[in-house]
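Hi everyone, thanks for coming. I'd like to walk you through a structure that's probably new to most of you, so settle in and have a look at the screen.

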Amino acid sequence: MGRVLLFVGVILLGTTQGVAARCVEEDAMGSDTLRGYVQGIQTALADHGFKPGPADGKTGPRTRSAIKTYQKKAKLPADGCVSQALIDHLNFAEPKIYAR
């Protein structure tokens with residue numbers, strides 16, 4: 001019985017650490033706020049020649065991929081996360097980062 005509880009504890013600990021590695025800022029946003037952020041990022045990424053898919057406010061695989069590609073080109077941590085810092089970088093960083 002003790003071994004089973006220890007095993008479950010290790011699984012839960014691993015899961016908690018996985019959550020910490022997720023997009024913390026996204027998790028803290030309300031759904032309407034997140035949708036607005038995502039839509040703004042999708043529009044800015046498209047303007048920069050990246051292909052996030054439609055500006056629908058949904059963080060799908062194309063949006064995540066476009067975010068990561070942008071982050072790599074901009075020499076940012078490539079976590080694929082939506083954040084205020086990403087929006088600011090897309091809108092205000094000089095020189096601008098383009099897909100090509």
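**A walk through the helices**

Let's start at one spot. Setting aside residues up to four places away in sequence, Thr63 touches Val38, Gln42, Pro52 and Lys58. You'll find Thr63 in helix H4. Is Thr63 buried or exposed? With a relative accessible area of 2%, Thr63 is buried.

Okay, stepping back for the overall picture. Please keep in mind that what you're looking at is a predicted model. The protein chain has 5 helices and 0 strands, and read along the sequence the pattern goes α-α-α-α-α. The chain has 100 residues, and 27% of them count as buried. As for contacts between residues at least 6 apart in sequence, 41% join residues at least 24 apart.

Now for the inside. The largest nonpolar core has 15 residues, and the ones that touch the most other members are Ile41, Leu45, Tyr70 and Leu90. Helices H3, H4 and H5 each supply at least two residues of this core, and H3 gives the most, with 4 residues.

Let's stay with Tyr70 for a moment. Which residues does Tyr70 touch, not counting those up to four places away in sequence? The list is Leu45, Phe50, Leu76, Leu86, His89, Leu90 and Ile97.

One name on that list gets its own slide, and that's Phe50. If you search the whole structure for aromatic pairs, you find 1. That pair is Phe50 with Tyr70, edge-to-face, at 5.5 Å centre to centre and with 80° between the planes. The pair links distant parts of the chain: Phe50 sits in the loop between helix H3 (31–47) and helix H4 (61–73), Tyr70 is in H4, and the two are 20 residues apart. Both Phe50 and Tyr70 are buried.

While we're in that loop between H3 and H4, have a look at Pro54, which lies there too. Pro54 is partly exposed, with a relative accessible area of 46%. Leaving aside neighbours within four places in sequence, Pro54 is in contact with Gln42 and Arg62. The C-alpha atoms of Pro54 and Thr43 are separated by 8.3 Å, and these two residues are 11 apart along the chain.

On to how H4 meets H5. These two helices pack at an angle of about 65°, with their axes 12 Å apart, and the crossing is left-handed. Who meets whom there? From H4 we have Ile67, Tyr70 and Gln71, and from H5 we have Leu86, His89 and Leu90.

Gln71 deserves a closer look. Gln71 is buried, with a relative accessible area of 5%. Setting aside residues up to four places away in sequence, Gln71 touches Leu76, Pro77, Ala78, Asp79, Gly80, Cys81 and Leu86. Take the last of those: the C-alpha atoms of Gln71 and Leu86 are 8.3 Å apart, and the residues are 15 apart along the chain.

Now H5 itself. Leu86, Ile87 and Leu90 are buried there. Why do they end up on the same side of H5? Because they cover an arc of only 100° around the axis. As a reminder, an α-helix has 3.6 residues a turn, so residues three or four places apart point the same way. What covers the buried residues of H5 includes H3 and H4. Turn to the face of H5 that points away from its buried side, and you meet the exposed residues Ala85 and Phe92.

Before I finish, two backbone details. Most residues other than glycine have a negative phi, and most peptide bonds are trans. Lys75 has a positive phi of about 60° although it is not a glycine. Lys75 lies in the loop between H4 and H5. Is Lys75 buried or exposed? Lys75 counts as exposed because its relative accessibility is 75%, where the cut-off is over 50%.

The second detail is a peptide bond. Going from Glu94 to Pro95, the bond is cis, with omega near -5°. Pro95 lies in the segment after H5.

If you take one picture away, make it Tyr70: a buried residue, one of those touching the most other members of the largest nonpolar core, and a partner of Phe50 in the edge-to-face pair. That's my tour, and I'm happy to go back to any slide.

Note on methods. Residues numbered from 1 in each chain as written. Predicted model: local features only at pLDDT ≥ 70, side-chain atom pairs only at ≥ 80, totals over all residues. Heavy atoms only, no water. Phe/Tyr/Trp six-rings, centres within 6.5 Å; stacked < 30°, edge-to-face > 60°. Buried < 20%, exposed > 50% of the residue type's maximum accessible area, 1.4 Å probe, protein only. Core = buried A, V, L, I, M, F, W, Y, C linked by side-chain atoms within 4.5 Å. Contact = heavy atoms within 4.5 Å. Arc of directions from axis to C-beta. Axes fitted to C-alpha atoms, helices over the stretch in contact; angles between N-to-C directions. Left-handed = near helix turned anticlockwise from the far one by under 90°.
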